[in-house]
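Welcome, and thank you for taking a look at this protein with us. Please have the sequence and the 3D view open side by side as you read.

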Amino acid sequence: MASKQFVVIGLGNTGYFLARHLTALGHDVMVVDPSPEKIQDISNQVSQAVVADGTRKKQLQSLPLSKVDSVICCIGEDLQASLLTVLNLKELGVKHIIAKSSSPAHTIILEKLGVADIFHPERDMAISLAERLNRPNMLDYLPFMEGFSIVEIACPEGFLGKTLKDLSLTHKYGIQVIAIRDPLEPTPKIGNIADYVLKENDVLFVIGPNEALDKLKA
């Protein structure tokens, strides 16, 4: 995968971990924050670390924002700072803005400003936790579309020694296993898995209606 260039504005928890992980994936990451202490803490872990205030347009003008693949505004709790930063980015001609939202009202205003790519880390984390508590055998949860989810579950005991063809999950539950991961192997099995014999420790990635996933749990 070709290396991309990103600018992460705001070094709260979201911005900090996002910048570090993007860098670990091999991308060129510049971080921007008004706190010299936060910039110093991360400076040796990213490509560039700049002390600047996103709410001050003049401080952003000297940065190569229009040349990068994406600018991610990770300012969440300070609504005014988030919106002023996004407005400045729009006026500076940034091609692709991604913005963190901390509330429904925040999302609505970001949409009004023309930001199409909005993420909600606290909401999504809370929903994922609630789903895992609701389905104890589920390892992870990813919202797919209204009423549907993709879940990651440990292989149920009743599935062991059987193939997906034997189980006929689509016919019985209206769900489909799209991948199987063996923790001892580096890559998951995708495609042509109908005749794979399920074994202990396998992890199944399942897509389907939420009601059907609940039936599978039962």
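Here is a short briefing, starting with the whole chain and then moving to selected places.

What you see is a predicted model. The protein chain contains nine helices and 10 strands. Its radius of gyration is 21 Å, well over the 17 Å that the globule rule gives for 218 residues, so the chain is more spread out than a compact globule.

**The chain as a whole**

- Along the principal axes, the C-alpha atoms of the protein chain fill a box of roughly 65 × 35 × 30 Å.
- Buried residues make up 39% of the 218 residues in the protein chain.
- Take the contacts between residues at least 6 apart in sequence: 55% of these join residues at least 24 apart.
- About 12,500 Å² of the protein chain is exposed, and carbon and sulfur atoms supply 55% of that area.

**Helix 5 and its two sides**

- Helix 5 spans residues 104–112, and its buried residues are H106, T107 and L110.
- These buried residues cover an arc of only 100° around the axis, which puts them on the same side of helix 5.
- What do the buried residues of helix 5 pack against? Their neighbours are helix 4 (79–91), strand 5 (97–100) and strand 6 (117–119).
- P104 and K112 are exposed, and they lie on the other side of helix 5.
- After helix 5 comes G114, which has a positive phi, near 90°.

**A nonpolar patch on the surface**

- L79, I108 and I109 together form a nonpolar surface patch with about 220 Å² of accessible area.
- I109, one of the residues of helix 5, is partly exposed at 31% relative accessible area. Patch residues must have over 30% relative accessible area, so I109 meets that cut-off with its 31%.

**Salt bridges**

- Side chains of opposite charge can pair when their charged atoms come close.
- How many salt bridges are found in the whole structure? The search finds eight.
- One of them joins the side chains of K57 and E91, with N and O 3.1 Å apart. K57 lies in helix 3 (residues 57–61) and E91 in helix 4, so this pair ties together parts that are 34 residues apart in sequence.
- Both partners are partly exposed: K57 has a relative accessible area of 30%, and E91 has 48%.
- D182 and K199 form another salt bridge, with their closest N and O atoms 3.1 Å apart. Both residues sit in the loop between strand 9 and strand 10, 17 residues apart.
- Is D182 buried or exposed? D182 is buried, with a relative accessible area of 7%, while K199 is partly exposed at 34%.
- K199 also meets the side chain of D202 in a salt bridge (3.4 Å, N to O). D202 is buried, with a relative accessible area of 1%.
- Through shared partners, these salt bridges join D182, K199 and D202 into one network.

**Positive phi values in a loop**

- Most residues other than glycine have a negative phi.
- N192 has a positive phi, near 50°, and belongs to the loop between strand 9 (176–181) and strand 10 (203–209). Its relative accessibility is 88%, so N192 counts as exposed.
- N201 has a positive phi as well, near 80°, and is placed in the loop between strand 9 and strand 10. With 56% relative accessibility, N201 counts as exposed.

How values were computed: Residues numbered from 1 in each chain as written. Predicted model: local features only at pLDDT ≥ 70, side-chain atom pairs only at ≥ 80, totals over all residues. Heavy atoms only, no water. Patch = residues over 30% accessible without salt bridge, like charges linked within 9 Å, V, L, I, M, F, W, Y side chains within 5 Å. Areas by Shrake-Rupley, 256 points an atom, 1.4 Å probe, with all protein chains shown as cover. Salt bridge = Lys/Arg side-chain N within 4 Å of Asp/Glu carboxyl O. Helix = DSSP H or I, 4+ residues; strand = E, 2+ residues; numbered from the N terminus. Buried < 20%, exposed > 50% of the residue type's maximum accessible area, 1.4 Å probe, protein only. Arc of directions from axis to C-beta. Contact = heavy atoms within 4.5 Å. Rg over C-alpha atoms; globule rule 2.2 N^0.38 Å.
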